[in-house]
Amino acid sequence: MIVLIGAMGAGKTTVGGLVADALGRRLRDTDQDVEALTGRTISEIFVDDGEAAFRALERAAVAEALATHDGVLSLGGGAVLDPGTRDLLAGHDVVFLRVGLSDAVKRVGLGSSRPLLLGNVRGRIKALLDERTPIYESVATLSVETDGRTAEDVATEILTALAATA
């Protein structure tokens, strides 16, 4: 299994789909799993139940996906904040899609409806990148730069790097 991690706007879903297609596998997204399980959007869960409740649902979704899925798995940007989730990732190919502030803001948009970006979107993205990048780096077995690159180029780099280590 290949697990993609990174901040919002890194391209996990887009790149993940390309990698999965190239391998003849399926892409699974834990944010989508949580939404399907609860019948609510991530934003609704954050507003109604709080971030801690969402993180518990997310941790369970990651554990279930790692146990049952054999394709490409895209994790929500904050999933690796949970130590239990980080432990679950040990032994897997974990690819950190590194995105800079400028590209992340362009991809997410300043009018974002993402719950962690309420208020000053650019400032919140910078704070999240500063907080999370060291954690992404500590978990990743491969880091790939995404700034100024097409999703196809990023997917090709991932596939080449993983083939070289297989």
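Here are some short exercises, with worked solutions, on the predicted model above.

**Exercise 1. Get your bearings: how many helices and strands does the protein have, and in what order do they run?**

Start with the count: the protein has eight helices and five strands. Next, walk along the chain from the N terminus, and the elements come as β-α-β-α-α-α-β-α-β-α-α-β-α. Now for some totals. Of the 166 residues in the protein, 43% are buried. The accessible surface is about 7,800 Å², and carbon and sulfur atoms hold 53% of that. Finally, look at contacts with a separation of 6 or more: 71% of them link residues 24 or more positions apart.

**Exercise 2. Find the strands that pair with strand 1, and say whether its faces are buried or exposed.**

Step one is to locate strand 1, which covers residues 2-5. Step two is to look for partners. Strand 3 (residues 72-74) pairs with strand 1 in the parallel sense, over three bridges. Strand 4 (residues 93-98) also runs parallel to strand 1, joined by four bridges. To see this residue by residue, pick V3, whose bridge partner in strand 3 is L73. Then pick I2, whose bridge partner in strand 4 is D93. Step three is to check the faces: I2 and L4 point to one side, V3 and I5 to the other, and all four are buried. Both faces of strand 1 are therefore covered, given that buried means under 20% relative accessible area.

**Exercise 3. Work out which elements build the largest nonpolar core.**

The largest nonpolar core has 35 residues, and those with the most contacts inside it are I5, L97 and I158. Among the elements giving two or more residues to this core are strand 1, strand 3, strand 4 and strand 5 (142-145). The helices on that list are helix 1 (12-23), helix 4 (51-68), helix 7 and helix 8 (151-165). Helix 8 gives the most, with five residues.

Now zoom in on I5. Leaving out residues up to four places away in sequence, I5 touches K12, L75, V80, V94, V95, F96, L97, Y136 and V139. There's a second, separate core too: it has six residues, including V34, F46, F54 and A61.

**Exercise 4. Find the aromatic pairs and classify them.**

The count comes to two aromatic pairs. Take F46 and F54 to begin with: their ring centres are 5.1 Å apart and their planes sit at 40 degrees, so this pair is tilted. The cut-offs explain the label, because stacked needs planes under 30 degrees apart and edge-to-face needs over 60. F46 is buried, at 13% relative accessible area, and F54 is buried too, at 3%.

Then take F96 and Y136. Their ring centres are 5.0 Å apart with planes at 35 degrees, so this pair is tilted as well. F96 belongs to strand 4 and Y136 to helix 7 (residues 121-139), so the pair ties together parts 40 residues apart in sequence. Both rings come from buried residues: F96 has 2% relative accessibility and Y136 has 1%.

**Exercise 5. Decide which residues of helix 3 are buried and which are exposed.**

Helix 3 spans residues 42-49, and its buried residues are I42, I45 and F46. These cover an arc of only 100 degrees around the axis, which puts them on the same side of helix 3. Turn to the other side and you'll find V47 and D48 exposed. What covers the buried residues? Helix 2 (30-38) and helix 4 are included in the cover. Just after helix 3 comes G50, with a positive phi near 95 degrees.

**Exercise 6. Look up S74 and T156: is each one buried or partly exposed?**

S74 sits in strand 3. With 1% relative accessibility, S74 counts as buried. Not counting residues up to four places away in sequence, S74 touches L4, K12, T13, L27, R28, D29 and T30.

T156 is found in helix 8. Its relative accessibility is 46%, so T156 counts as partly exposed. Last step: compare sequence with space. T156 and V19 are 137 residues apart in sequence, yet their C-alpha atoms are 7.8 Å apart.

Technical notes: Residues numbered from 1 in each chain as written. Predicted model: local features only at pLDDT ≥ 70, side-chain atom pairs only at ≥ 80, totals over all residues. Heavy atoms only, no water. Buried < 20%, exposed > 50% of the residue type's maximum accessible area, 1.4 Å probe, protein only. Pairing = 2+ DSSP bridges. Phe/Tyr/Trp six-rings, centres within 6.5 Å; stacked < 30°, edge-to-face > 60°. Contact = heavy atoms within 4.5 Å. Areas by Shrake-Rupley, 256 points an atom, 1.4 Å probe, with all protein chains shown as cover. Core = buried A, V, L, I, M, F, W, Y, C linked by side-chain atoms within 4.5 Å. Arc of directions from axis to C-beta.
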